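Me: Could you take a close look at one part of this model for me, starting from its aromatic side chains and working outwards? I'd like one connected walk-through, please.

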Amino acid sequence: MDTRVATRSPQAGGNSVVQGMIMALLVVVSAGYIFIWIMVPTNTFKQHWLLKIRAESNTTYFGSQGANFLVFTFPVLFVAALGCVFLHLGKKRSNEHDSKRRDGKNRTVAWKRPVIIKGLGIVSRIELAFLVMFIALLVWFYTVYVRNGFDSITPKSAAKSGMKVWQAKLGSASLRLGLLGNLCLTLLFFPVTRGSSVLQLFGLTSEASIKYHIWLGHTVMTLFTAHGVCYIIFWAATHQISEMTKWAKADISNVAGEIALVAGLAMWATTFPRIRRKMFELFFYTHHLYIIFVLFFVLHVGIAFACLMLPGFYLFMIDRYLRFLQSRQNVRSVSARILPCETVELSFSKTKGLSYTPTSILFLNVPSISKLQWHPFTITSSSNLEPEKLSVIIKGDGSWTKKLHEMLSSPSSVDHLDVSIEGPYGPTSTDFLRHELLVMVSGGSGITPFISIIRELMYASEILKCKTPSILLIPSFKNSSDLTMLDLLLPIVGSPAEFSNFALQIEAYVTREKQPAPEGKKSLRTVWFKPKPSDSPVAPILGKNSWLWLGAIISASFIIYLIFIGILTRYYIYPIDHNTNGVYSWSSRAVLNILFMCISIIIAATAAFLWNKKQNAMENKQIQNLEGATPVASPNSWFYNADRELESLPQQSLVLSTNLHYGERPDLKKILFERKESSVGVLVCGPKKMRHEAANICSSGLGANLHFESISFSW
């Protein structure tokens with residue numbers, strides 16, 4: 001949430017016009033792309049449009065791939081690249097945009113109201129509408145495909161192939177199940193592309209979009225499994241079971257499809273909630289089979305047909321490689337504050353150029369615990385209020401987090417912590433300021449994303465003197481020791497008097513204790529780390545203009561890829577195959593395409609990364625000089641205050657605004673229905689039961705002023 005004062009300038013007005021033009025173009029291209037997919041199963045597309053496109057694009061440089069590049073790959077990459085420009089301009093004028101949202105009415109409020117669907121959880125009416133439309137597209141896709149396929153099957157045509165009519169129809173229906181699965185596969189990788197411009201254009205983040213990936217993953221594997229099983233039945237019924245061992249040179253490779261299906265089934269088996277929760281490491285490592293799945297899928301269908309699902313995976317590969325480059329650098333760990341409730345606050349040095357919004361997350365790797373495991377955590381610091389520090393709170397609930405807590409809390413604690421980071425990732429902007437009141441309901445560690453929101457609103461209220469909503473924080477904890485997490489609400493900068501104009505009321509609940517615990521509490525420890533010369537502050541991997549750089553990487557890498565493929569096809573494949581697709585090996589062509597795709601992404605992304613790394617190194621040197629020149633911190637710096645116990649900080653205003661309730665749970669229905677403010681934002685982060693209870697209250701129709709939002713968190 002960028003909360004700086006909004007001032008309209010001629011440049012901002014010009015950006016607004018350009019943004020409007022870009023958005024109009026993006027809408028037109030996206031609508032055309034969707035329309036193409038609607039028409040794909042029809043005879044009009046297959047027998048007329050596609051033939052004309054192939055006739056125009058079937059050159060000696062791209063062959064039959066050219067048509068699919070033009071129709072299915074280029075539009076998505078164009079939207080992704082141009083969307084980066086749109087987001088860059090939007091980042092520059094977000095101040096004015098946020099101001100307008102605060103003053104205007106939100107016309108989509110009714111569509112954002114939550115609905116609880118069994119099996120899907122909490123979804124908004126917008127999500128439900130899109131889900132219904134997507135299901136309608138799947139039904140349309142399959143019925144049209146099957147109808148057109150069955151129309152060409154007659155007793156005579158079936159007998160000519162040595163089959164009965166039902167057998168021919170079974171084979172046709174089996175093929176169409178695979179084609180339907182390809183449609184879902186086209187979308188599968190978009191939600192897990194963390195730095196995706198496409199998600200941001202829809203106002204989504206990868207963390208909040210994981211549920212879409214889960215839905216699509218289940219659908220893809222259901223369809224592909226049905227596709228495989230039906231084909232096995234078909235081959236058995238027609239005495240062609242030997243087809244299972246077929247790896248054709250210039251046709252569909254059944255063996256490759258079977259390998260892809262087995263890899264997919266192995267991933268799918270570990271995704272179900274009970275297995276994922278109890279054996280997360282098995283789920284984590286098994287999910288890397290997506291490499292085998294995608295590789296053998298391409299070998300199964302050929303690269304020309306794989307171009308249909310290529311765009312989403314192409315953007316995922318760019319994002320994955322950029323994350324790989326970022327993860328190679330150790331970040332500068334500054335301190336670890338160990339709370340009595342088996343919770344650790346880790347703080348890292350960051351560059352001032354790194355900005356992020358509240359509720360953003362980062363992925364953290366500690367090689368001394370596991371070199372392969374990356375865990376997401378919600379960022380609790382504010383990039384505006386704390387420009388040189390980035391913090392996360394880690395609760396010792398899982399095996400990995402418990403090992404980290406034990407390592408840091410042991411008497412012989414380490415004096416240096418090697419840490420690598422990927423991120424941060426989060427929404428481009430937030431609209432919390434549009435409400436008159438924010439009710440934040442949390443359970444346990446669910447309070448972590450609210451800390452970043454509260455600190456950002458503090459910055460808006462006290463530094464920028466903006467009007468901010470009042471806050472009612474309702475945290476629920478199991479034990480009184482967890483109450484120490486409330487001490488982290490106020491940042492360690494200056495005194496609480498700086499936040500005297502900030503309206504915050506806390507109603508904290510301790511559910512498993514009837515009365516306050518005895519005073520014999522454990523002391524809080526602060527562990528300071530010694531930085532290594534090779535450690536660097538957390539910095540934006542692509543610099544301050546990250547969206548422009550990402551757009552350049554997408555464009556440049558695809559152009560390089562097209563050049564490589566054009567040269568390969570014209571001077572190596574075409575002299576052998578002459579665009580017949582019946583001589584040169586499909587597998588060889590697919591492997592070469594994937595190889596050149598990877599090389600193109602590596603070239604473009606590495607060049608952008610190294611350029612920005614050079615710029616970040618200059619800022620890093622300035623930070624090192626500043627730290628070396630300031631051995632004694634000023635009273636207003638976080639270095640000075642962080643060495644004092646949380647309980648001794650001047651947090652009188654926080655204590656006075658806090659009411660403690662023991663042995664009970666919050667009555668959310670009573671609390672929410674008593675709010676008479678015109679607009680009440682209800683933010684919930686915690687257990688499923690808590691989220692569903694709040695969603696039911698807000699969607700009941702009895703509180704038109706209640707606007708529900710489920711906040712995802714990682715800890």
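Reply: Let's fix one cut-off before we start: a residue counts as buried when its relative accessible area is under 20%, as exposed when that area is over 50%, and as partly exposed in between. Keep in mind too that this is a predicted model.

The part I'd zoom in on is helix α16, which covers residues 310-327 and carries both Phe313 and Phe316. Phe313 has a relative accessible area of 12%, so it is buried. Phe316 comes out at 8%, so that one is buried as well. The rings of Phe313 and Phe316 form a stacked pair, with 6.1 Å from centre to centre and 25° between the planes. In sequence they sit 3 residues apart, about one turn of the helix.

Further along α16 there is another ring pair, Tyr321 and Phe324. These two are also stacked, at 6.1 Å centre to centre and with 25° between the planes. They are 3 residues apart in the helix, which means that about one helical turn separates them. How much cover do Tyr321 and Phe324 have? Tyr321 is at 17% relative accessibility and therefore counts as buried. Phe324 reaches 38%, so it is partly exposed. For context, the structure holds 28 aromatic pairs, and elsewhere ring pairs join Trp37, Phe45, Phe72, Phe141 and Tyr145 into a cluster.

Now for the packing. The largest nonpolar core has 93 residues, and those touching the most other members are Leu185, Phe189, Phe293, Tyr314 and Ile554. Helix α3 gives this core its largest share, 13 residues. Ile554 is a handy one to click on: beyond its neighbours within four places in sequence, it is in contact with Leu77, Ala80, Ala81, Cys84, Leu315 and Ile318. There's also a second, separate core of 39 residues, with Leu433, Ile447, Leu486 and Leu489 among them.

Next, the charges. A search of the whole structure turns up 14 salt bridges, and one network of them links Arg194, Asp319, Arg323 and Glu422. Within that network, the side chains of Arg194 and Glu422 meet at 2.9 Å, N to O. Arg194 is in the loop between α8 and α9, whereas Glu422 is in strand β8, so this bridge ties together parts that lie 228 residues apart in sequence. Are these two charged partners buried or exposed? Both Arg194 and Glu422 are buried.

Two other salt bridges make a good contrast. Asp415 pairs with Lys530, their closest N and O atoms being 3.9 Å apart. Asp415 belongs to the loop between α17 and β8 and Lys530 to the loop between β12 and α19, so parts 115 residues apart in sequence are tied together. Here Asp415 is partly exposed at 42%, while Lys530 is exposed at 55%. Asp418 and Lys532 pair up as well, with 3.8 Å between their closest N and O atoms. They too bridge the α17–β8 loop and the β12–α19 loop, so this pair connects parts 114 residues apart in sequence. Asp418 has a relative accessible area of 27% and is therefore partly exposed; Lys532, at 39%, is partly exposed too.

Methods. Residues numbered from 1 in each chain as written. Predicted model: local features only at pLDDT ≥ 70, side-chain atom pairs only at ≥ 80, totals over all residues. Heavy atoms only, no water. Core = buried A, V, L, I, M, F, W, Y, C linked by side-chain atoms within 4.5 Å. Buried < 20%, exposed > 50% of the residue type's maximum accessible area, 1.4 Å probe, protein only. Helix = DSSP H or I, 4+ residues; strand = E, 2+ residues; numbered from the N terminus. Contact = heavy atoms within 4.5 Å. Phe/Tyr/Trp six-rings, centres within 6.5 Å; stacked < 30°, edge-to-face > 60°. Salt bridge = Lys/Arg side-chain N within 4 Å of Asp/Glu carboxyl O.
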